[in-house]
Structures are given as C-alpha cells and as structure tokens.
Amino acid sequence: MDDEAFVRVDRLSKVYATRDGPVRALDRVSLSAHRGEFVSILGPSGCGKSTLMMIVAGLLPASAGLVTVAGRPVTSPITDVGIVFQNPVLLDWRSALGNVLLQAEARRLTGAAALARARRLMEAVGLSGFENRYPHELSGGMRQRVSLCRALIHDPAQLLMDEPFGALDALTRDQMVVDLQRLWNERRKTVLFITHSVAEAVFLSDRVVVMTPRPGRVERVLDIGLPRPRTLAMRETPEFIAYTRQILELFLARGVLKEG
Amino acid sequence: MTEPLDIEAVEARLQEALVRRAVRARATAVLYPILVAAALALLWEIGSRVLHIPTFLVPAPSSVVSVLGGKAHVLVRHGWTSTQEIVLGYVLSIVVGIPLALGIYFWPPFARSVYPLLVSSQAVPKTAIAPVFVVWFGFGLLPKVLIAFLIAFFPIVINTVIGLASLEAEKIYLARSMAMGPLSTFFKIRLPHALPSIFGGLKIAITLAVVGAVVGEFVGADAGLGHLLLEANGAMDTPLLFAGLVGLTVIGVVFFLLIETAERLAIPWHVSSRTTFKGESL
C-alpha cells in the first residue's frame with residue numbers, strides 16, 4: 001500500500017464558464033506524490049497551479065478527472081492536511097500562539113499537549129519570545145512562520161503550500177526555504193508545494209512538476225537527485241544549475257520567458 | 001571640537017523624547033479643545049457686549065451658563081426623558097438591526113425580499129412619519145422611541161452585513177480544511193472579523209438615535225429636551241434654547257464616548273482602537 005501514490009491526480013480538468021465563453025484553467029493534468037515525498041508544482045502565473053492545489057484540498061470541485069488522497073476520492077474538503085497560503089491568513093484578534101492553536105481548537109486537541117506542541121513548533125521556526133505578539137506586531141516572515149506552525153500543529157499527513165514565500169523578501173525567503181527543508185526532513189510529510197521560483201522548487205523537491213501557461217498542462221516531471229540536506233551554497237554547484245537550466249530551457253521554449 | 005559619538009546616549013535621548021512627546025500628545029488632546037472652546041466663548045461674550053446683540057437673537061455665553069445653573073432641575077428632568085427615549089430607541093435598533101443583518105447575510109431569499117423594503121424605509125423622511133406616530137401612539141415615550149429606532153437601525157444593518165460579507169475567502173477555506181463546524185467558524189472567525197464594522201455602525205447609530213428622539217419630541221411631546229427647545233423658542237427665551245442645545249450636545253457626546261469605550265474593550269486588537277487620528281495613538 002505504501003508504494004501506492006498518496007496523492008494521485010488523474011486527468012484533472014477545470015473549466016470556468018464565463019460570459020465570454022469557457023476558460024480552461026487546467027487541461028487533463030496528471031501527477032502523483034508518494035507518502036513523504038516533496039513535490040513542487042512549478043509554473044508561470046495563471047497556469048492554474050493554485051486551482052490545482054485547491055482541488056486537491058477538496059475546496060474547489062473538479063470539472064472532470066479524479067483526485068484521490070490516501071486512496072479515497074476527494075469530493076469534500078480533506079481535513080488530514082495543513083494548508084499554507086501566500087498570505088498568512090492570520091486572525092488579527094489572536095496572538096501568534098492563539099493563531100497556531102486555532103487549528104488545535106478546531107480539532108478539539110486542547111490542553112497541555114497541544115500547547116506544548118505549539119510552543120515546540122514555534123521554537124523550531126524561531127518564534128520563541130513572540131508567542132504573545134499580535135499579527136500586526138510581526139514581520140511578514142514571522143507571520144508566515146506562524147501560518148506554517150498552524151499547518152503543522154495537528155501533525156497532518158500532508159502539507160499543501162500555495163506560493164507560501166511569494167510575498168517575502170529574498171533573504172527571508174532563503175531562510176524560510178532552509179527551515180522548511182529541516183522541518184520536512186524531521187517529519188516527512190507529503191508536500192505539494194506550489195511555486196513560480198525555479199530555484200526554490202529545485203532546492204526543496206524530490207520531484208518538480210513543470211506546468212505550461214494557460215491552459216495548465218504538465219510539461220515535464222523532473223526527479224531532483226541532489227543529496228539532502230541541501231545547503232544554500234549548493235545552489236551555485238553545477239549539479240544544481242543543471243536542473244534550473246533545464247527548467248529555464250523549457251520556459252524559453254514555451255515562450256514563458258523571452259530573450260532579445 | 002567633536003565629541004565622541006556615544007550611541008547609548010543617543011538612544012536615551014531619543015527614548016526620552018518619545019516619552020515626552022507621548023505625554024504632551026495626551027495632555028494636548030484634552031487641553032486644546034478646552035482652550036479653543038474657551039477662546040470662542042470669550043470672543044462671543046466680548047462680541048455680544050461690544051456690539052449690543054439682543055439676548056433674544058444670540059445670548060451671551062454668560063447668560064446661557066446662568067440658565068444652565070438656575071434651571072438645572074428643569075434641564076435634568078427633560079434631559080432624563082430624552083435619555084430614556086434615546087436608550088430605548090438605540091437598544092431596539094440593535095435588537096432588531098443585528099438579527100436582520102444576519103438574516104440578510106445568511107439567507108439570500110430573505111435578503112432579496114427585505115432589502116428593497118429596507119431601503120425604501122430609509123427614503124421616507126422620518127420627520128414626515130412622526131405625525132403619524134403621534135396619531136397612533138399619542139404623546140408618550142413610544143412614538144419617540146420608534147422614530148429614534150427607525151433612524152438608527154439602518155446603519156447598524158448595513159454595517160453588520162458589510163462586516164459579515166467582507167471576510168476573505170481564504171479564511172473560510174482554512175476553516176473548512178481544519179474541519180471547523182459552521183457555528184465555530186461563525187463565532188471564532190466571521191463574527192470577530194465583522195466587529196469593527198459593526199461598531200462603526202453602532203457609533204453612527206447612537207448619534208442618529210439622538211436626532212430621532214428630538215424629531216419625535218418636536219412633533220408632539222410634553223417632555224424632553226426637544227419639547228423644551230420648542231417651548232423656549234415660543235417664549236423667545238433664547239438663553240434657555242441654547243441651554244437645551246448644550247444639554248443635547250452633552251447627552252450625544254457622552255453616549256458616543258460610551259460606545260467608543262465599549263469598542264475599545266471589545267476589539268482592542270483593531271486599528272480603530274489603537275489610533276484615532278492619523279499617525280497619533282491616543
């Protein structure tokens with residue numbers, strides 16, 4: 001059962017009916033992620049990668065095709081999951097700790113155990129001493145760390161992340177990527193990581209699913225064979241660059257990027 | 001001669017300046033309005049004496065103050081009547097307005113059928129309805145309470161609906177992925193999110209409730225500050241008229257401050273509780 005894919009997306013299509021006629025957001029997308037695997041979905045804006053994540057989460061209905069998670073078809077919101085959006089989506093009236101604990105409260109995981117777990121997670125991402133701060137008192141990076149802790153406190157089988165570092169500055173991003181790799185290494189969740197950053201995808205992933213622009217199709221799936229744990233300096237090595245280069249060539253060929 | 005730069009001293013100096021500025025800002029927030037009011041009153045007093053403006057036209061502040069002192073018991077009695085009308089009208093507009101807003105937000109057929117009526121009810125001039133209420137309900141408390149309610153409930157409904165509807169979709173997605181039930185989602189996420197907007201409506205409504213009560217008293221009453229204003233007007237007792245206006249202003253401001261305090265206690269996390277003026281925290 002374990003070699004069976006944990007997340008399986010089979011010829012998934014999403015079409016929006018609009019006044020100007022149907023719009024194809026996703027066109028027969030197929031991909032899979034094994035248990036404990038880190039899979040990035042990489043593509044330009046508007047390739048439907050966020051829509052794909054929402055459908056996998058059961059938060060949007062598919063127009064055609066099938067998504068299964070842990071062997072079960074997804075027809076309603078899946079709950080054995082932690083979601084991190086591009087915005088931290090924190091509640092302004094709760095402290096950092098309160099926001100992390102929201103997930104626990106929703107699942108009736110209350111008491112000392114949940115509190116201890118929340119504190120441990122916050123410590124692991126460098127939020128010690130900021131537990132009682134309110135979102136408006138935190139930097140963008142810290143808010144996203146709170147959001148990450150909230151997605152992990154209930155120990156879900158799966159993490160869905162939609163461009164989680166997209167709104168952060170370059171240095172904070174680097175730190176977040178390193179921290180995320182460490183957390184994943186310790187916990188081995190199945191991760192679907194939506195991004196438009198080539199370096200981020202190669203750095204974090206076991207596999208990178210490269211998508212085409214509108215309508216979203218799977219262009220190619222790359223296995224990333226770099227040894228773990230990966231370091232920031234590794235991004236300058238020929239092995240790393242070989243991967244990013246390959247993706248760059250794909251984007252150039254597809255007209256996602258143009259030169260001259 | 002250049003002194004060696006001591007960063008600790010710079011820090012201490014700036015920190016001290018910040019504290020001093022904060023103290024001064026707090027003091028001036030009270031002092032400035034008082035000074036301006038006093039200066040205006042003084043100018044007015046001098047003007048009315050120098051120019052010999054007749055008291056029945058514009059009474060000097062001193063004569064208004066002497067009425068405030070001499071007829072305090074009358075003002076308090078009428079003020080108390082108005083206060084009752086305002087409070088009852090206001091409470092009624094909350095009790096009716098918020099459930100109405102919940103119905104409008106959560107039940108689209110209800111919204112579709114009630115919303116046009118609601119908007120029409122606001123298009124009708126309340127002053128025009130007031131005489132009808134006198135015919136139906138007489139000269140007592142009830143017609144004033146109803147008019148105060150009729151004017152005040154609308155912003156409560158509108159602001160509550162806006163607050164409920166303005167929640168980002170992502171927060172709802174998040175709640176659903178957390179397996180949070182609809183009740184929990186409402187009380188933990190949607191309602192707290194709507195509170196700042198609801199309080200905005202409550203603050204507008206309290207000032208309108210005062211207007212409503214006075215309108216009701218103008219049309220037909222035997223008590224209340226609005227009634228006192230009309231009486232003073234009929235008797236050309238302009239100082240009493242002004243004293244009545246002062247009384248109404250005090251009632252209005254006190255109620256507004258009460259609601260604002262409630263807001264501060266209920267949503268200390270919100271910007272509206274942290275700052276009132278641009279760049280200045282109070």
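Me: Why is R188(A) called exposed?
Reply: A residue is exposed if 12 or fewer other C-beta atoms lie within 10 Å of its own, buried if 20 or more, and partly exposed in between, with C-beta atoms placed from the backbone. R188(A) has 12 within 10 Å, so it counts as exposed. This is a predicted model, in which local features need pLDDT of at least 70, side-chain atom pairs count only at pLDDT 80 or more, and totals for chains, interfaces and linings use all residues. Residues are numbered from 1 along each chain as its sequence is written, while chains are lettered from A and ligands numbered from 1 in the order in which they are written.

Me: What makes V89(A) buried?
Reply: V89(A) has 20 C-beta neighbours inside 10 Å, so it passes as buried. V89(A) sits in the loop between strand 6 and helix 2 of chain A. Helices (H or I, at least four residues) and strands (E, at least two) are DSSP runs, numbered from the N terminus.

Me: What is the sign of phi in R188(A)?
Reply: Positive, at about 50°, although R188(A) is not a glycine. V89(A) also has a positive phi, near 50°. Most residues other than glycine have a negative phi, and most peptide bonds are trans. The peptide bond from R228(A) to P229(A) is cis, with omega near -5°. P229(A) is in the loop between strand 10 (218-223) and helix 7 (238-254) of chain A.

Me: Why are strand 2 and strand 5 of chain A called edge strands?
Reply: Each pairs on one side only. The open sheet has four strands in the order 2-1-4-5 (chain A), with antiparallel pairing. Two strands pair if DSSP finds at least two bridges between them. Strand 1 (residues 7-18) and strand 4 (residues 64-69) of chain A are joined by five bridges, so they meet the definition. V7(A) stands opposite V69(A) in strand 4 of chain A.

Me: How many residues does each chain give to the contact?
Reply: Chain A gives 16 residues and chain B gives 15 residues. Two residues are in contact if their C-beta atoms, placed from the backbone, lie within 7 Å. On the chain A side, strand 6 (81-84) and helix 2 (96-106) are the elements that give two or more residues. That side has 11 nonpolar, three polar and two charged residues. Ala, Val, Leu, Ile, Met, Phe, Trp, Tyr, Cys and Pro count as nonpolar, Asp, Glu, Lys and Arg as charged, and the others, Gly among them, as polar.

Me: How do you know whether chain B is spread out or a compact globule?
Reply: The radius of gyration is taken over C-alpha atoms, and the globule rule is 2.2 Å times the number of residues to the power 0.38. Chain B has 11 helices and two strands. Its radius of gyration is 25 Å, well over the 19 Å that the rule gives for 282 residues, so chain B is more spread out than a compact globule. The C-alpha trace spans about 80 × 70 × 30 Å along its principal axes. Buried residues make up 30% of chain B.

Me: Where in chain B is confidence lowest?
Reply: In strand 2 (residues 280-281), at a mean of 44, against 95 in helix 3 (residues 72-106), where confidence is highest. pLDDT is the predictor's confidence in each residue, from 0 to 100. pLDDT stays under 50 over residues 278-282 of chain B. Where pLDDT is low, the predicted coordinates should not be read in detail. The mean pLDDT of chain B is 89. The complex gets an ipTM of 0.89 and a pTM of 0.84 from the predictor.
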